[in-house]
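Take a moment with the sequence and the model below. The walk that follows goes from strands to helices to single residues.

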Amino acid sequence: MLHCRTTMAMIHASSSSSSHTTKTITSSFSQFSSVPTFSSPSSLLTHSPSRSLIHFSSNTNNRFFVTPKASSIATFAPEIIDLLAEVNIFTASGDSVTFNQLWDQSDGIAVVALLRHFGCPCCWELALSLKEAKERFEGVGVKLIAIGIGEPTKAQIFAQRLPFPLDSLYADPELKVYDVLGLYYGIGRTFFNPASARVLSKERFEALRKATKNYTIDVTPDNRASVFQQGGMFVFKGKELLYAWKDEGTGDHAPLDDIFTICSKIHVA
């Protein structure tokens, strides 16, 4: 929750002061860039403590695309979708659904965006980008799916205030999908990872300010330890994983233009 308040304070400070403020923020943030990432203390892990033990074998068939960003390349077993299939999450309305119900598992194309928690300002920014790109993706037969951390009631408030389409939004309060996918977790990645410095660019600040005009910290999950979870972006065709991106730090989102290019190629093929 402290990270959310700090980020929002930075956004508002940027909108009301000169470029000196931005330089000061950038300078202070860079002081943390050399701090190594580390796992959160076990006392903060109120969810599954085995999350860091989950590993997947390399894809020997070389069947799917991965981001060229070396620090985020993830390798997953071809059966990853089977591991995810029966994982229970919730619609924003509170109905329980399994992961394999989110899109057509026979041949449908889906972009699954794993947000951080609903109270993360950077996730409001990403969700707004997804909303604005939704029609474009649907034009090439792609279903956009956003999953956030928190209770369904938090997802409803998030959807109303951003706003964001309820039929594309899901809640994973127990971080079940994040666990199976082995997405990054820790205080270091949340606060001190150099990848998070991208949020400090002028362009990103403008996007954050636009996305968070109706922001409320009330959507922060009840499980405060979950705010140290990072997100990611995945592209599936049916049961096949075609693209994987694991956020290195807060706000380190996959480029939607790159993902759209991949989806367009899949659609044509």
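How many bridges join E6 to E7, and do they run parallel or antiparallel? The two strands are joined by 6 bridges and run antiparallel. Keep in mind that this is a predicted model. One of the facing pairs sets Phe-234 opposite Ala-244 in E7. E6 and E7 form a hairpin, with 2 residues between them. In that turn, Gly-238 has a positive phi of about 60°. E7 spans residues 240–246. Of its 7 residues, 6 are buried, so E7 is largely enclosed by the rest of the structure.

Now step back to the whole sheet. It is open and holds 7 strands, in the order E2-E1-E5-E4-E3-E6-E7, with mixed pairing. E2 and E7 are the edge strands, each pairing on one side only. From one strand to the next, the twist averages 30°. Strands of a sheet pair through backbone hydrogen bonds, either parallel or antiparallel.

E3 shows both kinds of pairing. This strand covers residues 109–117. With E4 (residues 142–149), E3 shares 7 bridges, and the two run parallel. Ala-113 stands opposite Ala-146 in E4. With E6 (residues 232–237), E3 shares 6 bridges, and here the run is antiparallel. Two pairs illustrate this side. Ala-110 has Phe-236 as its bridge partner in E6. Ile-109 stands opposite Lys-237 in E6.

How many residues of E3 are buried? The count is 9 of 9, so the strand is mostly covered, where buried means under 20% relative accessible area. His-117 lies in this strand. Its relative accessible area is 1%, which means that His-117 is buried. The side chain of His-117 reaches the backbone nitrogen of Gly-119 at 3.0 Å.

What links E3 to E4? Helix H4 (residues 121–138) joins with E3 and E4 in a right-handed β-α-β unit.

Look next at the loop between E2 (96–98) and E3, where Asp-107 lies. Setting aside residues up to four places away in sequence, Asp-107 touches Lys-237 and Gly-238. Gly-238 is the turn residue of the E6–E7 hairpin. The C-alpha atoms of Asp-107 and Phe-236 are separated by 9.2 Å, though the two residues are 129 apart along the chain.

Turn to the helices. H9 covers residues 256–268. Its 13 residues should span 18 Å at 1.5 Å a residue, and its end C-alpha atoms are 18 Å apart, so the two values agree. Which residues of H9 are buried? They are Leu-256, Ile-259, Phe-260, Ile-262, Cys-263, Ser-264 and Ile-266. An α-helix has 3.6 residues a turn, so residues three or four places apart point the same way. The buried residues of H9 pack against E3, H4, E4, E6 and E7.

H5 (residues 152–161) begins with Pro-152. The helix lies across E1 (88–91), E3 and E5 (169–171). H5 runs at about 150° to E5. Is Pro-152 buried or exposed? Pro-152 is buried, because its relative accessible area of 16% falls under the 20% cut-off. Leaving out neighbours within four places in sequence, Pro-152 is in contact with Phe-90, Thr-91, Ala-92, Gly-94 and Ala-171. Its C-alpha atom is separated by 9.9 Å from that of Val-219, a residue 67 places away along the chain.

Two backbone details remain. Most residues other than glycine have a negative phi, and most peptide bonds are trans. The peptide bond from Leu-162 to Pro-163 is cis, with omega near -5°. Pro-163 lies in the loop between H5 and E5. Leu-175 has a positive phi of about 60°, although it is not a glycine. This leucine lies in the loop between E5 and helix H6 (176–181). Leu-175 is buried, with a relative accessible area of 0%.

Definitions and conventions. Residues are numbered from 1 along each chain as its sequence is written. This is a predicted model: local features need pLDDT of at least 70, side-chain atom pairs count only at pLDDT 80 or more; totals for chains, interfaces and linings use all residues. Side-chain values use heavy atoms; hydrogens and water are left out. Helices (H or I, at least four residues) and strands (E, at least two) are DSSP runs, numbered from the N terminus. Buried means under 20% relative accessible area, exposed over 50%, partly exposed in between (1.4 Å probe, protein chains only). A polar contact is a pair of N or O atoms within 3.5 Å; within protein, one must be able to donate a hydrogen and the other to accept it, and residues adjacent in sequence count only if both atoms are side-chain atoms. Contact means heavy atoms within 4.5 Å. Two strands pair if DSSP finds at least two bridges between them. A crossover is right-handed if, with the strands pointing away from the viewer, the path from the first strand over the helix to the second runs clockwise. The expected span of a helix is 1.5 Å times one less than its number of residues. Axes are lines fitted to C-alpha atoms, for helices over the stretch in contact, and angles run from 0 to 180 degrees between N-to-C directions.
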